[in-house]
Amino acid sequence: MLPAEPTPPPTGSDLAARVERSLREYPDFPQPGVLFRDLGGLYADPVLFRDVVDDFEATFGGDVDLVLGLEARGFVLGAALASRMGIPLVLARKPGRLPGEVHRAGYSLEYGENVLEIQRDGAVAGRRVLIVDDVLATGGTLAAAARLVTEAGATVGGMGVIVGLDGLGGEQVLREHRLRLLCTVPASA
C-alpha cells in the first residue's frame, strides 16, 4: 500500500474561513458596548491551531529571529511559533509583572488605557522581532509593542495577528509594518 499523499497546506481564504468559524462572540464583555471575540474554539482545535502556526511560520520564517508574545493571549501563539521556528520567545507583560528594569510603553485600547513592559536584559537588542497577538482592534497594543522593540535596540521584522476587527483603524495605525492578519471580522454585531 502506498503512503497517503500529504495534506496540502490550507489556502489563505480557507484558513481565514476556518478561523472565523471557530470564533465565539460575547456581547458587552469586558464592558457594555464591546463585542468580545474569543479564540477559545481555535485553541481547542489542534489541527486549526497547527495550521495557524504553520501559516505564520511560512510567512515570517527566516525573516525574524525572536518572537515577542503580547499578554496574555499572544503568549499562546508566541510560544507555539517560537518553538516551531526554533527561535527565542520574549513576553511583553502588563505593568508590575516583570522583575528588574523594564522598557515601558503606554497605549490606548478601544475601551481604556494600558501599559506594556519588556525586560531591559538585552534579550531583544539587535534582533529582528516578530510581534504576535490574537486580535487587532485600534492597533494601540501592537504599536506600543513596536515602540518597545525599537527602544530595546531591535527592529520589527513583522506582526502576526489572528483576527482583525474591521472599522477600528488598526491596520492603518500599523501601515508601516509588515502585518499578517489571518482574517477580518466586523467590530460589532
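**Salt bridges and a buried histidine**

The structure holds 15 salt bridges. The model is predicted. A few of its charged pairs are followed here, and then one histidine.

Start with Arg-24 and Asp-38. They form a salt bridge, with the closest N and O atoms 3.5 Å apart. Arg-24 sits in strand S1 (residues 24-27) and Asp-38 in strand S2 (residues 35-38), so the bridge ties together parts that are 14 residues apart in sequence. The two ends differ in accessibility class. Arg-24 is partly exposed, at 37% relative accessible area. Asp-38 has 17% relative accessibility, and because buried means under 20%, this residue counts as buried.

Next comes helix H3, residues 46-60. Arg-50 and Asp-54 both lie in this helix. They are 4 residues apart, about one turn of the helix. Their side chains meet in a salt bridge, 3.9 Å from N to O. The cut-off for a salt bridge is 4 Å, so this pair is counted. Arg-50 is partly exposed, with a relative accessible area of 40%. Asp-54 is partly exposed as well, at 27%.

Helix H3 also holds Asp-55, whose partner lies in another part of the chain. The side chains of Asp-55 and Arg-180 meet in a salt bridge of 2.9 Å, N to O. Arg-180 belongs to strand S9 (residues 179-186), and the pair links distant parts of the chain, 125 residues apart. Arg-180 has 21% relative accessibility and counts as partly exposed. Asp-55 is buried, at 15%.

Some bridges share partners. Through them, Arg-18, Arg-50, Asp-51, Asp-54, Glu-57 and Arg-84 join into one network. The Arg-50 and Asp-54 pair from helix H3 is thus part of a wider set of linked charges.

Now turn to His-103. Where is His-103 found? His-103 lies in strand S5, which spans residues 102-109. Is His-103 buried or exposed? Its relative accessible area is 8%, so His-103 is buried, the limit being under 20%. Which side chain makes a polar contact with the side chain of His-103? The partner is Glu-151, at 2.7 Å.

Glu-151 is also among the residues that His-103 touches, when those up to four places away in sequence are not counted. One run of these neighbours is Leu-116, Glu-117, Ile-118, Gln-119 and Arg-120. The others are Leu-148, Glu-151 and Ala-152. The buried His-103 thus has both a polar partner, Glu-151, and contacts with residues such as Leu-116, Ile-118 and Leu-148.

Methods: Residues are numbered from 1 along each chain as its sequence is written. This is a predicted model: local features need pLDDT of at least 70, side-chain atom pairs count only at pLDDT 80 or more; totals for chains, interfaces and linings use all residues. Side-chain values use heavy atoms; hydrogens and water are left out. Helices (H or I, at least four residues) and strands (E, at least two) are DSSP runs, numbered from the N terminus. Buried means under 20% relative accessible area, exposed over 50%, partly exposed in between (1.4 Å probe, protein chains only). A polar contact is a pair of N or O atoms within 3.5 Å; within protein, one must be able to donate a hydrogen and the other to accept it, and residues adjacent in sequence count only if both atoms are side-chain atoms. Contact means heavy atoms within 4.5 Å.
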